[in-house]
Structure formats: structure tokens, C-alpha cells
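Please open the model in your viewer and keep the sequence panel visible. The tour proceeds by selection, one stop at a time.

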Amino acid sequence: MKTIKLTTLAASLLIANVALAKGIEVDLSTASQSITAKEDLTISVTFTNTESEPLKLLSWYIPTQDTKEALFKVKKDGYKQMYFGAHAKRAAPQSEDYIEIQPNESVSYEVELTGLYDLSVTGNYNIQYAVNYASLVQDSNNQTMKSRLVSKPVNVWVEGRGESFDDRTAASDITTQIQGISYTGSCSNTEKNTLSSALQAASSIANNSVSYLGNEFGNRYNARYDTWFGNYSSSRWNTVRNNFNAIKNAIDTKGMTFDCSCNQSYFAYVYPSQPYKVYFCNAFWNAPLTGTDSKAGTIIHELSHFNIVAGTDDIAYGQSGAKSLANSSPYSAIQNADSHEYFAENTPYQN
Amino acid sequence: MFRLNKKLNTQKRKVLSFALFLFISNGCANSMTQTPPLGCNMQLVTASANALNIEFTLTNNTDKTLKVLPWGTAWEGWFNRFLDVSLNKEKVEYQGPMMKRGSPNVADFKILATKASWKATLNLRDVYAINSGDLTLQYKGAVTYVENDINAPQLAFLDCALNIQI
């Protein structure tokens, strides 16, 4: 009997030891316990090596800009919330896919979640880092030490934006005034708010352009038209007026899809054959809301590209390029996207 | 005095008409015989089920080194629409992206030495749905270039076309 007890004790000691050998621990923290619909939800994720030897962690499951996996379990009222981010299909990891963490060292990363998970409904969200992958943590001999890493959950109160996944899918069928924006490519709350203001501002300069072009007899020899579209002719005026009517119509009545996944240095891009999806890139986020090369103007520029709107091209770039085009070739200026943008932005102001 | 004046006037008139003649003949020479500053050429390289590779050549015909903006041209790749494409006389829509980039900086312009060329080979089937038939390509984009001052950009409307049976 005694022997058996001892054995049991030894076994339980052994189990306790294994349990202590956690390898890498992961902890979550948030700056605040609640966020409004205008704020982003940023979570800090800290990995700590609790061992006395260096350990390797597969970088695919570290939250960075380039993360292409669902790293978190996000629950509201016990229900798992939809993940909008990317899922990568990859070959087996190579040694360069691991980061090394020294004994007792911690490494921390921050990740924004409103762009990645469905946090659209007001409520208390339970967020946990939970990853399962065959060779997630390796020791220095490249032996798999752990295939599962789970943190304690954190709870955050989120004020919803009223755009659940169902609303997003339905958005393409809705034709409301301006509000019909769907977002793809992990737009954060901040980005969504920025895009919504940018579309409002674009609507306002599109309306202004339409009303200017509606007064052909009053404005045909005025500087604003002449600077960006060159010498007046009634047929060219007509083309420009039709283009702006179509841009205004698109803003007022078509559901836009705005995508935030682009990480390149451009302002934005579209596929002219795929209305009304616009991809926004780095330069856009740094641009002013209105004025030259602004967020509002960028939306005018991009909408003008769609074949069913105005089908414009990029012939000349920048204000000096567009002015020179208006001088040398008014016929080309009325087909140039930047000419439309600068006309709409009207900065500096001209009559 | 009167006679002298008349003579002068006649001379003036002669000078004027000679200048006018020079101006007109120069103008005609410019538009009719002078080669454009930037020349362009398109050539079929390979045609297969998935690839329809066209080589685009841009040549600096001037005696000066030019700084050329590759943005939106064939010599950058499929970032913009710079071709009119038709197959059996029907327009084929461009399926690629159009990038907006704001105003170019000095660093965005690339040196193209006098008489030098840039070559780029692009697969039309990356961005156009083309089966087979009588294919016509017309380069329609303009190329922005400067001699020195990037605030005084000049535009070269390239004139090149290609007609092939595929």
C-alpha cells in the first residue's frame, strides 16, 4: 500500500513538474476596459519564456501588421464572433519563421481588433489568445515543445457600430444616401470613421462641382474651369458635366465598398471594371480631409475611374501636370482623373 | 525723307515676310517631319494559352538626357490603363488596377539618356480577357518628362500600335 502511495506521489510530482514547465506563457492586456464606437480596440499580447533555455516561437502566430491567422477567440454572450482577417495557406515552417525568446525574457506586440473581428454589437466581449499549431513552440534543438498557447481572457465593453456581418453582406443591395459603405480588408474603427467623413466631404465637393457646371453660361470662361479643363467648348463642358453628375449619382445612390488592406505608398486604387470598390493605401491616411490631393479629392478621383461612372484615365500627374495638360490638350484633360479631382478640390479657390 | 521711309518700310516688310516664311516652314517641319521626343514601339514576344507577351520600347529621340516619369506607363507594369485593346474590332476592357499617386517628386523621375531605350515585356492576358482573332493595340497614355525642372513637366503622347493575328 505504502509503495503504491509513494508511486502515486512521485507520479503526481512528475505531473506537477510538467505543468510547471510551461515553456512560453502568453498574457493579454488592454489600455481601457471599454471603448466607444469611435475608438479602436488595441490589445497588448506578451509572450514570456519561463524556461531556463532559449525557446522558439512560430512568428505566424505573433500579432503584427502581416498576421494572416485568427489568433484570438472573441466571444460575446458565449457566442464566438466572426473573424474578418486573412487565413494563410502555407508550407511547413522553416527555421527563419521562428523568433527566439531568451530565458525569462518577455516580448510584447500590439494588435487592433475592431478591424479583425465582428465587434459591431454593443456588449461585453471576452477575448482570449488561443492558438493551436503542431510546432508552435520549439526548444533549442528544434524539438516541438508546445503546440497550444492559450491566455487568460480579458473582458472589454464595446459600444457597437451597428454593422454586423449580416449588414455588411446586405449592404451591396441597399441604396441609401451616402451611408451605404461596406468595409473590407480589416478597416479599424478609426479608419471607418475617417472614410465616412471623407465620403461626406467628397459628396460636398461633388455637389459644388455639379452646381458650378450647371451654370454653363455664367462659368464657361471662368478660371476654375479653364485651369483644369482648358479652353471652353460646349461639347467638352457637356462631357465634364456628365462626368460629375455620374460621380454625384454614385455617391448618393450606390453602395460603396471601401477596403483598408493596402499597405503600399500609393493614395488609392480601383479596378475600373469593378464598381464601387475603392482600395485605400498609406498616402491616403496622411492626406488632409479637403484641399489639394485630399481624402475627399481622392474619392472623386477614384470614382471617376469606374467605367460606368466616367471611365477616366491617369494621363498627367499632380497640379502642374494637370495644368499643362489643360493648356496643351483640353481633349485629354477631360479624360484625366487628376483634372477632375483638382477641379473639385478647387484649391487655391478660383471662380 | 519720304523716299527713304518708303524704302525702309519695304525692307521691313521683306524682313517680316521672310520671318513669317521661316515661322511657317518651321511649323510645318515640326509637325510633319520632326521625330517626336519620345518614340514607342510594341512587339509580340510570345503567344501561348496563358501568355501573350508584348515587348514595349520607349526611346529618347532627342539630343538631351531626359528625366521620364514611369508612372502609369508600360515601363512600370500593370498599374494603370495605357492601351486601347480591341479584338475583332470589339473593345476589350482593362481588368487591372489604376493607382493614384499624387504629385511626383524628383526621385520619381528616371534618367533616359539620349537615344537610349527602356524595354518592358508584359503579359496582356494578365489584365485583358483575350481569346483569339484580330488583335489591335493602340498605346494611348501620355508620358510625363522633364529636361530639368520637374515643375515644368512636358507630356509626350506616344504614337504606337500593333496589329496581330492570335
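Begin by selecting A:Asn346, which sits in the segment after H11 of chain A. This model is a predicted one. Although A:Asn346 is not a glycine, its phi is positive, at about 45°. Its relative accessibility is 9%, so A:Asn346 counts as buried. In the segment after helix H11 (337-345) of chain A, select A:Pro348 as well. The peptide bond that leads from A:Thr347 to A:Pro348 is cis, and its omega is near -5°.

**Two further backbone features**

Move next to A:Tyr276, in the loop between strand S14 (268-270) and strand S15 (277-280) of chain A. Here the peptide bond from A:Pro275 to A:Tyr276 is cis, with omega near -10°.

Then select A:Asp77, in the loop that runs between strand S5 (72-76) and strand S6 (79-80) of chain A. A:Asp77 is a residue other than glycine with a positive phi, near 50°. Is A:Asp77 buried or exposed? Its relative accessible area is 58%, and because the cut-off for exposed is over 50%, A:Asp77 counts as exposed.

**Helix H6 of chain A**

Select residues 234-253 of chain A, which form helix H6. The 20 residues reach 28 Å from the first C-alpha to the last, close to the 28 Å expected at 1.5 Å a residue. Colour the buried positions of H6(A), among them A:Trp237, A:Val240, A:Phe244, A:Ile247 and A:Ile251. An α-helix has 3.6 residues a turn, so residues three or four places apart point the same way.

Now centre the view on A:Trp237, within helix H6 of chain A. A:Trp237 is buried, with a relative accessible area of 0%. Which residues does A:Trp237 touch, not counting those up to four places away in sequence? They are A:Tyr212, A:Leu213, A:Asn215, A:Glu216, A:Asn219, A:Arg220, A:Tyr225 and A:Tyr232. To A:Arg220 the C-alpha to C-alpha distance is 7.9 Å, across 17 residues of sequence.

**The largest pocket**

Display the largest pocket, whose volume is about 750 Å³. It is lined by 31 residues, and A:Gln65, A:Leu116, A:Gly185, A:Ser186 and A:Asn263 are the closest to its centre. Strand S8 (106-112), helix H3 (189-214) and helix H7 (282-286) of chain A each supply at least two residues of this lining. The largest share, three residues, comes from S8(A). Coloured by type, the lining of the largest pocket shows twelve nonpolar, twelve polar and seven charged residues.

**Chain B**

Select chain B, which has one helix and twelve strands. Along the sequence the helix comes ahead of the strands, in the pattern α-β-β-β-β-β-β-β-β-β-β-β-β. Of its 166 residues, 42% count as buried. Among the contacts in chain B with a separation of 6 or more, 71% join residues 24 or more positions apart.

**Confidence**

Finally, colour the model by pLDDT. The mean for chain A is 86, and 89% of its residues reach 70 or more. Among the elements of chain A, helix H1 (residues 2-20) has the lowest mean, 43, and helix H5 (residues 223-229) the highest, 98. Residues 1-20 of chain A are below 50, and this stretch has zero contacts in the model beyond near neighbours in sequence. Residues 164-177 of chain A also stay under 50, with 18 contacts beyond four places in sequence.

Chain B averages 83, with 80% of the residues scoring at least 70. Its residues 1-32 stay under 50 and have two contacts beyond four places in sequence. Where pLDDT is low, the predicted coordinates should not be read in detail. The model as a whole scores ipTM 0.76 and pTM 0.71.

Key. Residues are numbered from 1 along each chain as its sequence is written. Chains are lettered from A and ligands numbered from 1 in the order in which they are written. This is a predicted model: local features need pLDDT of at least 70, side-chain atom pairs count only at pLDDT 80 or more; totals for chains, interfaces and linings use all residues. Side-chain values use heavy atoms; hydrogens and water are left out. pLDDT is the predictor's confidence in each residue, from 0 to 100. Contact means heavy atoms within 4.5 Å. Helices (H or I, at least four residues) and strands (E, at least two) are DSSP runs, numbered from the N terminus. The expected span of a helix is 1.5 Å times one less than its number of residues. Buried means under 20% relative accessible area, exposed over 50%, partly exposed in between (1.4 Å probe, protein chains only). On a 1 Å grid over the protein atoms alone, a cavity is a set of points where a 1.4 Å probe fits but cannot get out, and a pocket is an open set with protein on both sides within 12 Å along at least five of seven lines; lining residues have an atom within 4 Å of a point. Grid points are joined across faces, edges and corners, and a volume is the space filled by probe spheres set on the points. Ala, Val, Leu, Ile, Met, Phe, Trp, Tyr, Cys and Pro count as nonpolar, Asp, Glu, Lys and Arg as charged, and the others, Gly among them, as polar.
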